[in-house]
Number of protein chains: 2
Amino acid sequence: MNVPAFPSKLLENAVNEFASLPGIGRKTAFRLVMNLLRRNEPEVTRFGETLIRLRSEIRYCIECHNISDNDICTVCSDPARDKSTICVVENIQDVMAIENTRQFRGIYHVLGGIISPVDGIGPADLNIHSLIAKAGSGTLQEVILALSTTMEGDTTNFYLYRKLSGSGVAVTTLARGVSLGDELEYIDELTLGRSLLNRTPFTP
Amino acid sequence: MNVPAFPSKLLENAVNEFASLPGIGRKTAFRLVMNLLRRNEPEVTRFGETLIRLRSEIRYCIECHNISDNDICTVCSDPARDKSTICVVENIQDVMAIENTRQFRGIYHVLGGIISPVDGIGPADLNIHSLIAKAGSGTLQEVILALSTTMEGDTTNFYLYRKLSGSGVAVTTLARGVSLGDELEYIDELTLGRSLLNRTPFTP
């Protein structure tokens, strides 16, 4: 279907909107629109209003910059969370991934990206200033750097480490090593080498 | 990502709406929602309103049942189209596919489905009555049956043929045969057999 003449402008507009989403081609967009047309009207109205409300009403936690329905997100406002440990992540997806592990009881700090000179993203474009401010508050004891294991992630790690050094806060990073379920022969040599160097006592 | 705890109800609702679309899983839905969140507000509002208007304002041509912005669609209202030839199709997609060929100057009749006893779709559920009424109007000379080459399509073809016989209207069907670009050895025997039986004079 190479840009067919749409019988309706409404149809064409809807297809164009869906096709503007990443990974959705015009054929898929058309299929999605036809699906919506087969639904009843209140259901489609709810779909549209959900999207409008998503963008207009969404807020970001003033403490950790995570997505939130309120000024303070559910993690930051939870009295059971350990406020002395902050896990620094790149984006909201990473918060959700770590929350999913149910292994972390501290709070988060969402940078909103990582330092990437190629993409023109410098420290000033990220939520770094508010993180450094927290380090001087006294309650903070540990900052866990949980960024991607890419060059940009390493650069950001190093920048944050430099900024936080001298504040008396411990700076740690996620353990690098062999993934659970990995077979040794298929692991890249960098990861395998690091996991040998950072070997831990065996706990039976 | 197996149903993570969303930090925001707005986010969760939007992901659920996208995930309700065919072929869109929860991971893809989340990716689409994150894309919308990065856009500016007027753009997302337009997206939502386009969907709401699509369903609430869309109309169907009272002549041919094709999707339309008005009571009469652009094809039926075009004085250049030949009103004596009606092409019967299953749905709106088929109208667009045939329009795309730029080979047809007649008008359409959208059945809105095909007879399928398995799915509980009988003749009464389709726009058949209005087609038969047109056959008695005097202006109609030919009905082209352009339905799927499936058992359901054949059943519907036969039903329509029976209903139209005696009205003086010629009933034709799309030519069945070898597709352009097909290699003979890969064609199924039914199609190849039919194309042999229905061979046409060679026009150099």
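**Exercise 1. State how far apart the C-alpha centres of domain 1 and domain 2 of chain A lie, and give the bounds of each domain.**

Step 1. The C-alpha centres of domain 1 and domain 2 of chain A are 35 Å apart.
Step 2. Domain 1 covers 9–57 and domain 2 covers 67–173; such bounds come from an automatic or database domain assignment.
Step 3. The model is predicted: local features need pLDDT of at least 70 and side-chain atom pairs count only at pLDDT 80 or more, while totals for chains, interfaces and linings use all residues. Residues are numbered from 1 along each chain as its sequence is written, and chains are lettered from A and ligands numbered from 1 in the order in which they are written.
Step 4. Chain A has a mean pLDDT (the predictor's confidence in each residue, from 0 to 100) of 89, with 98% of its residues at 70 or more. For the complex, the predictor gives an ipTM of 0.78 and a pTM of 0.77.

**Exercise 2. Describe the side of chain A that touches chain B.**

Step 1. Chain A and chain B each put 46 residues into the contact; two residues are in contact if their C-beta atoms, placed from the backbone, lie within 7 Å.
Step 2. On the chain A side, elements supplying at least two residues each include α1 (9–19), α2 (26–38) and α3 (41–57). Helices are DSSP runs (H or I, at least four residues), numbered from the N terminus.
Step 3. The largest share, 14 residues, comes from α3(A).
Step 4. By class, this side of chain A has 23 nonpolar, 13 polar and ten charged residues. Ala, Val, Leu, Ile, Met, Phe, Trp, Tyr, Cys and Pro count as nonpolar, Asp, Glu, Lys and Arg as charged, and the others, Gly among them, as polar.

**Exercise 3. Determine how chain A is related to chain B.**

Step 1. A rotation of 180 degrees with 0.0 Å of shift along its axis superposes chain A on chain B, with an RMSD of 0.1 Å. The fit is by least squares on the C-alpha atoms of residues with pLDDT of at least 70 in both copies.
Step 2. This is the relation of a two-fold axis.
Step 3. In chain A, A:G48 has the C-alpha nearest the axis, 2.0 Å from it.
Step 4. The copies meet through the same surface, because 100% of the interface residues of chain A are also interface residues in chain B.

**Exercise 4. Is A:A14 buried or exposed, and what does it touch?**

Step 1. A:A14 is in helix α1 of chain A.
Step 2. A:A14 counts as buried because it has 29 C-beta neighbours inside 10 Å. A residue is buried if 20 or more other C-beta atoms, placed from the backbone, lie within 10 Å of its own, exposed if 12 or fewer, and partly exposed in between.
Step 3. Not counting residues up to four places away in sequence, A:A14 touches A:V33, B:T50, B:L51 and B:L54.
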